[in-house]
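Colleague: Please take a close look at the charged pairs in this model. Then go on to the pockets and whatever else sits around them. What stands out?

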Amino acid sequence: MVWPGIVLIFIFHYIPMYGILTAFKDYNILKGFAASPWVGFKHFEAFFSSPDFGRVMRNTIVIALLKLLVGFPAPIVLALMLSEVRHGLFKRIVQSVTYLPYFLSWVIVSGIVISVLSVDNGTVNMVLQGAGLADEPINFLSVPEYFWAILISSNVWKDVGFGSIVFLAAIAGIDPHLYEAAEMDGAGKLKQAFLITLPSIMPVVVIFLILAIGNLLNAGFEDILLLAKNPLLWRVSDVLDTYVYRIGIENMRYSFATAIGLFKAVVSVMLLAIANQLARRSGNSLW
């Protein structure tokens with residue numbers, strides 16, 4: 001019977017969508033949802049005219065694009081490399097080591113990153129000073145110019161192993177006779193990767209790319225919130241989700257926060273539709 005599942009989806013996914021109307025009301029906890037007055041697009045206009053709008057959107061787009069350009073190909077490259085490893089024990093060890101960070105919460109990962117970059121006995125500062133590349137410790141998490149690199153590298157380290165699982169499965173499904181034929185024709189490993197492996201897994205890559213583009217405005221929340229505690233970093237770290245949390249939730253501006261969330265959702269759906277339409281030309285799309 002499918003009815004229990006349908007009922008649960010309706011209760012937990014569709015009924016809460018009624019809360020979207022909060023974006024068009026001046027919500028007051030004391031008055032309640034029904035008694036709160038309608039204000040139309042007031043909160044959308046307030047966000048678009050806010051002096052923070054340009055900074056928040058720039059940070060969101062830049063960080064999201066960096067995560068896409070660096071973080072998306074990384075699991076594919078790792079899967080290609082692991083598929084060429086023939087020593088079973090070594091392959092399992094590498095897979096375990098790369099998968100492990102994914103199962104750690106961002107609280108733990110951020111603690112590791114902060115410890116490694118610490119001014120007091122941080123590994124990076126000790127190496128730089130030991131190699132004569134720095135005269136004194138560098139407070140990396142207080143310098144805005146370093147933040148994007150720290151954030152992206154932390155995300156790649158955490159997610160690359162787990163993200164490679166799907167691509168490894170796709171590579172395992174490729175007909176081995178194709179590689180044998182290519183090897184007989186004199187193709188090396190690099191040519192085999194570009195001429196056989198990548199084209200064979202391209203449908204999987206395109207599907208995940210469409211989903212990544214649709215998820216583009218989700219530039220991050222926990223990772224940024226935990227790594228960018230220093231207010232000096234806010235000008236390069238404040239994205240839509242952290243801005244909503246800091247301005248909308250902490251300041252109890254619930255309607256303002258809902259308006260930003262609805263704006264992000266609409267743009268995400270538009271990006272997903274555009275990406276799917278472009279992917280359809282290659283014969284691979286979600287619908």
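Modeller: Start with Asp 26 and Lys 42. They form a salt bridge, with 3.5 Å between the closest N and O atoms. The two ends come from distant parts of the chain, 16 residues apart. Asp 26 sits in the loop between helix 1 (3–14) and helix 2 (42–48), while Lys 42 belongs to helix 2 itself. Keep in mind that this is a predicted model.

How open is this pair? Asp 26 has a relative accessibility of 31%, so it counts as partly exposed. Lys 42 reaches 40%, so it too falls in the partly exposed class. Neither value passes the 50% cut-off for exposed, because partly exposed covers the range from there down to 20%.

This pair is one part of the charge pattern. The structure holds nine salt bridges. The general idea is simple: side chains of opposite charge can pair when their charged atoms come close.

Now move to Glu 84. Its salt bridge with Arg 86 has its closest N and O atoms 3.9 Å apart. That still qualifies, because the cut-off is 4 Å. Arg 86 is exposed, at 62% relative accessible area. Glu 84 is partly exposed, at 33%. Glu 84 also forms a salt bridge with Lys 189, and here the closest N and O atoms are 3.6 Å apart. This contact spans 105 residues and links distant parts of the chain. Glu 84 lies in the loop between helix 4 and helix 5, and Lys 189 lies in helix 10. Elsewhere, salt bridges with shared partners tie Asp 52, Arg 55, Asp 238 and Arg 246 into one network.

Glu 84 and Arg 86 also lead to a pocket. Both are among the residues nearest the centre of the second largest pocket, along with Ser 83, Ile 171 and Tyr 179. In total, 14 residues line that pocket. Its volume is about 270 Å³. Helix 5 (88–99), helix 8, helix 9 (176–184) and helix 10 each supply at least two lining residues. By class, the lining has six nonpolar, four polar and four charged residues.

Helix 9 also holds Pro 176. Pro 176 is partly exposed, with a relative accessible area of 47%. Against Phe 10, Pro 176 is 166 residues away in sequence and 46 Å away in space, C-alpha to C-alpha.

The largest pocket comes next. Its volume is about 760 Å³. It has 23 lining residues, and those closest to its centre are Lys 67, Gly 71, Phe 72, Asp 159 and Ala 212. Which helix gives the most to this lining? Helix 8 does, with eight residues. Helix 3 (53–71), helix 4 (73–83) and helix 10 are among those that supply at least two each. The class split is 15 nonpolar, six polar and two charged residues. So helix 8 and helix 10 take part in the lining of the largest pocket and also in that of the second largest, by the DSSP numbering of helices.

Helix 8 (144–172) has another role in the packing. Together with helix 11 (222–227), it is included in what covers the buried residues of helix 6. Those buried residues, in a helix that runs over 106–116, are Trp 106, Val 109, Ser 110 and Val 113. Viewed down the axis of helix 6, they fall within an arc of 95 degrees, so they line one face of the helix. The spacing fits a general rule: an α-helix has 3.6 residues a turn, so residues three or four places apart point the same way.

Two backbone points to finish. Asn 121 has a phi near 65 degrees, a positive value in a residue other than glycine. Asn 121 lies in the loop between helix 6 and helix 7 (123–130). Asn 121 is exposed, at 67% relative accessible area. Met 252 is not a glycine either, yet its phi is positive, about 60 degrees. Met 252 is in the loop between helix 13 (240–249) and helix 14 (254–280).

Definitions and conventions
Residues are numbered from 1 along each chain as its sequence is written. This is a predicted model: local features need pLDDT of at least 70, side-chain atom pairs count only at pLDDT 80 or more; totals for chains, interfaces and linings use all residues. Side-chain values use heavy atoms; hydrogens and water are left out. Buried means under 20% relative accessible area, exposed over 50%, partly exposed in between (1.4 Å probe, protein chains only). Helices (H or I, at least four residues) and strands (E, at least two) are DSSP runs, numbered from the N terminus. The arc is that of the directions from the helix axis to the C-beta atoms. Contact means heavy atoms within 4.5 Å. On a 1 Å grid over the protein atoms alone, a cavity is a set of points where a 1.4 Å probe fits but cannot get out, and a pocket is an open set with protein on both sides within 12 Å along at least five of seven lines; lining residues have an atom within 4 Å of a point. Grid points are joined across faces, edges and corners, and a volume is the space filled by probe spheres set on the points. Ala, Val, Leu, Ile, Met, Phe, Trp, Tyr, Cys and Pro count as nonpolar, Asp, Glu, Lys and Arg as charged, and the others, Gly among them, as polar. A salt bridge is a side-chain nitrogen of Lys or Arg within 4 Å of a carboxyl oxygen of Asp or Glu.
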